[in-house]
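Colleague: Could you take me through this model with the sequence at hand? I would like to go through packing, pairing and the backbone in turn.

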Amino acid sequence: MDDKQLEERLNLLKSSYDRLPSSVDTEEIIRKIENEHNIAPAEKKSKGSKWQRITVWTVSIASVFIIGILGSSYILEDEKKIQQGEQMSDATKEFIEQLKKDYPIEREKKRELLNLSEEEFSQIPFIEFADSSFEHYTAEREDSFLNNHSDSNLDTYYENTMSGLILPSEMVKELNEGDKLDKAETVSFLRKYNAKLNDFKLYTNDKLDKYKKELEPYKVNGLYNINKILENEQYLPDGFRTMRDNAEMQGLQLVLIGDGIDIRFSFSLEPNYSSVFSIVLDPISTGYLQMMAQEPFTYAWELLYPMNETAQTLLDMEDYMLDEYVNEEEYGGDIMDTYYISVFYFLVKGTEENPVFDENGMVKEEYREIWNMMRNEDKISPSPYLLTPIVADFEKSGWKKSEEWDDLTYGDIENALHLAKTGDLEQFMPQGLEVQVDDEFVQRVHALYKSFAGTHNQTALKEATPEEIVGLYYYSIQLKDYETQYELYIKDDTQIQIPKDEYLNGKHQVIDDIKLEFRGLEFTQNAPGYGVVILTKQSDRRSSDENEVIGFQLIQTEYGWRPPFMPIQ
């Protein structure tokens with residue numbers, strides 16, 4: 001933490017202290033303690049005997065203790081009201097009686113629905129919490145919590161306690177029967193739904209662990225196999241089937257972890273649920289729901305899902321976290337931030353089983369595709385902010401090295417996310433990284449020409465950048481090698497084709513020197529497998545009615561980026 005951050009933290013702390021109430025009457029507190037425990041008031045002398053000083057310190061310590069628990073202010077208020085002989089209101093009595101009547105009935109319905117014993121049902125975390133709330137309100141004691149609360153709050157207490165019993169599946173059913181939710185309602189629903197579902201998932205996976213011994217015989221080559229387990233479910237204890245039925249009812253599905261190293265219940269966006277969510281919830285829900293479906297994202301430091309799916313989920317999570325409403329209300333919590341940071345790191349730095357570099361020391365194609373997709377997001381977020389310079393570095397080195405990649409840490413991702421949330425990232429966003437058409441660029445293009453022109457072997461250009469392919473296209477025109485230019489086009493029945501003889505005998509553009517024709521090139525991937533290179537013309541090489549820039553289309557093939565016929569539209 002630097003000096004500026006420390007100063008900001010101290011100012012924030014000071015403002016927090018300034019907001020604390022200053023109306024605590026310590027004299028009154030000390031007087032109460034003295035009266036209750038018959039402690040003789042300490043004389044106000046500048047000096048006293050050792051025992052007098054001990055008495056003063058004893059009182060002081062007790063007063064500090066009382067002050068420390070004033071955050072639960074109702075304790076002191078309850079004491080006052082009991083001393084005044086205040087009685088419970090009729091409304092409060094009615095509330096307690098109604099809760100005592102309704103809660104056990106509703107609770108029993110849920111227990112029977114899940115077909116669980118009382119002991120098992122009580123272990124579900126949200127049921128355990130609801131039971132605690134019920135006990136809190138209905139316990140018979142002299143200093144009842146309700147003595148110092150307004151009757152107007154009783155309906156809220158009732159609703160909160162009863163809603164504590166609602167199952168995740170019932171929340172979805174109620175959602176399906178209601179009206180479409182706006183953004184605020186969607187965020188509120190997701191927060192509550194995820195809390196309930198995580199509680200049930202925690203409970204169910206704890207139960208699953210207790211069946212691991214019975215599942216051992218149905219492993220295949222030492223790995224769990226869901227099909228084998230389900231085929232032999234009749235031989236498993238009855239509780240296993242009940243557990244799985246309940247899990248599926250609540251939207252959880254049995255899934256393999258690490259190809260069968262472990263087995264867990266996880267949230268499933270199966271068709272019935274996903275259709276309800278897509279119709280009723282605001283689109284902002286996509287990132288949150290995808291997070292729920294893929295968490296915990298990793299197992300033993302490896303990604304659990306394909307990289308392209310994980311990357312898309314990461315971008316959806318960005319949309320949720322950086323939404324103005326969500327950000328202001330601070331919904332989503334630290335767990336989404338934690339997942340985002342760790343997943344981002346693995347997508348960029350790779351894992352032990354799927355490293356970034358191939359056996360030749362070059363970045364694998366799948367990582368290039370993911371990075372380009374993420375960096376071409378048209379938004380102010382960590383993805384383009386962090387990946388644009390990394391990709392530019394790698395492209396310059398032929399995808400072999402990047403200092404930006406070497407230096408990337410978890411802290412960099414966390415800081416970028418924080419800046420994006422506070423609205424401060426925009427000022428640091430990289431501007432377009434245009435490749436200059438200079439001597440160094442022409443040398444790279446010439447090297448590609450030498451390796452490709454003689455044989456027209458497409459694999460020779462597999463590692464070329466989009467800018468280099470476009471540079472080679474125009475360099476071939478400069479050399480009047482129209483056959484090499486023709487061989488750069490995609491030869492695919494799904495694309496427009498022009499016969500070779502017809503093409504070679506047609507009219508051709510004339511370029512004397514690509515350095516004099518163009519100033520720079522900049523690639524943008526506008527969809528997976530599709531992109532465009534923007535070429536900026538030299539100002540003295542265009543007429544007044546010509547555009548300053550040209551858009552050159554490219555499509556990704558198994559041999560790298562290639563232009564379709566008529567790439568300039």
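Modeller: Two strands are said to pair if DSSP finds at least two bridges between them. Please keep in mind that this is a predicted model.

Colleague: Over how many bridges do E5 and strand E6 pair?

Modeller: The two strands run in the antiparallel sense, with E6 spanning residues 518-527. One residue pair here is Val435 with its bridge partner Leu521 in E6. Pairing needs at least two bridges. For E5 and E6 the number is two.

Colleague: Which strands stand at the edges of the sheet?

Modeller: The sheet is open, has five strands with antiparallel pairing and follows the order E5-E6-E7-E8-E9. A strand at the edge has a single partner strand, so one side of it is left without a neighbour in the sheet. The edge strands are E5 (435-436) and E9 (560-562).

Colleague: Which residue in E8 stands opposite Ile534?

Modeller: E7 and E8 run antiparallel and are joined by seven bridges. Within E8, the residue opposite Ile534 is Gly551.

Colleague: What is the bridge partner of Gln556 in E9?

Modeller: E8 and E9 are antiparallel, with three bridges between them. The connection from E8 to E9 is a hairpin through two residues. Across from Gln556, the partner in E9 is Trp561.

Colleague: At about what angle to E6 does helix H19 run?

Modeller: Helix H19 covers residues 365-375 and lies across E6 and strand E8 (549-557). Another helix, H24 (residues 466-478), packs on the sheet and touches E5, E6, strand E7 (530-537), E8 and E9, its direction making about 130° with that of E6. For H19 the angle to E6 is about 95°.

Colleague: Are H5 and H8 roughly parallel or roughly antiparallel to each other?

Modeller: The axes of helix H5 (residues 90-114) and helix H8 (residues 154-163) come within 11 Å and cross at roughly 15°. Angles under 35 degrees count as roughly parallel. H5 and H8 are therefore roughly parallel.

Colleague: How many residues in the contact of H5 with H8 are nonpolar?

Modeller: H5 contributes Ala91, Thr92, Phe95, Gln98, Leu99, Asp102, Tyr103 and Glu106, while H8 contributes Leu154, Tyr157, Tyr158, Thr161 and Met162. Three residues of this contact are polar and two are charged. The nonpolar residues number eight.

Colleague: Is the crossing of H10 and H13 left-handed or right-handed?

Modeller: Helix H10 (residues 183-209) packs against helix H13 (residues 238-249) at about 160°, with axes 11 Å apart. Angles over 145 degrees count as roughly antiparallel, and H10 and H13 are therefore roughly antiparallel to each other. The contact is made by Phe200, Thr204, Lys207 and Leu208 of H10 with Phe240, Met243, Asn246 and Ala247 of H13. The crossing of H10 and H13 is left-handed.

Colleague: How far apart are the closest N and O atoms of Lys110 and Glu170?

Modeller: A salt bridge needs a side-chain nitrogen of Lys or Arg within 4 Å of a carboxyl oxygen of Asp or Glu. By this rule, the count of salt bridges is 31. The pair of Lys110 in helix H5 and Glu170 in helix H9 (residues 168-177) links parts of the chain 60 residues apart. Lys110 and Glu170 form a salt bridge with their closest N and O atoms at 2.7 Å.

Colleague: Is the peptide bond from Glu295 to Pro296 cis or trans?

Modeller: Most peptide bonds are trans. Pro296 sits in the loop between helix H15 (285-294) and strand E3 (298-299). With omega near 10°, the bond from Glu295 to Pro296 is cis.

Colleague: What is the phi of Ala300?

Modeller: Most residues other than glycine have a negative phi. Ala300 lies in the loop between E3 and strand E4 (302-303). Although Ala300 is not a glycine, its phi is positive, at about 55°.

Key: Residues are numbered from 1 along each chain as its sequence is written. This is a predicted model: local features need pLDDT of at least 70, side-chain atom pairs count only at pLDDT 80 or more; totals for chains, interfaces and linings use all residues. Side-chain values use heavy atoms; hydrogens and water are left out. Axes are lines fitted to C-alpha atoms, for helices over the stretch in contact, and angles run from 0 to 180 degrees between N-to-C directions. Helices (H or I, at least four residues) and strands (E, at least two) are DSSP runs, numbered from the N terminus. Angles under 35 degrees count as roughly parallel, over 145 as roughly antiparallel, 65 to 115 as roughly perpendicular and the rest as oblique. Contact means heavy atoms within 4.5 Å. Ala, Val, Leu, Ile, Met, Phe, Trp, Tyr, Cys and Pro count as nonpolar, Asp, Glu, Lys and Arg as charged, and the others, Gly among them, as polar. A crossing is left-handed if the near helix is turned anticlockwise from the far one by less than a right angle, and right-handed if clockwise.
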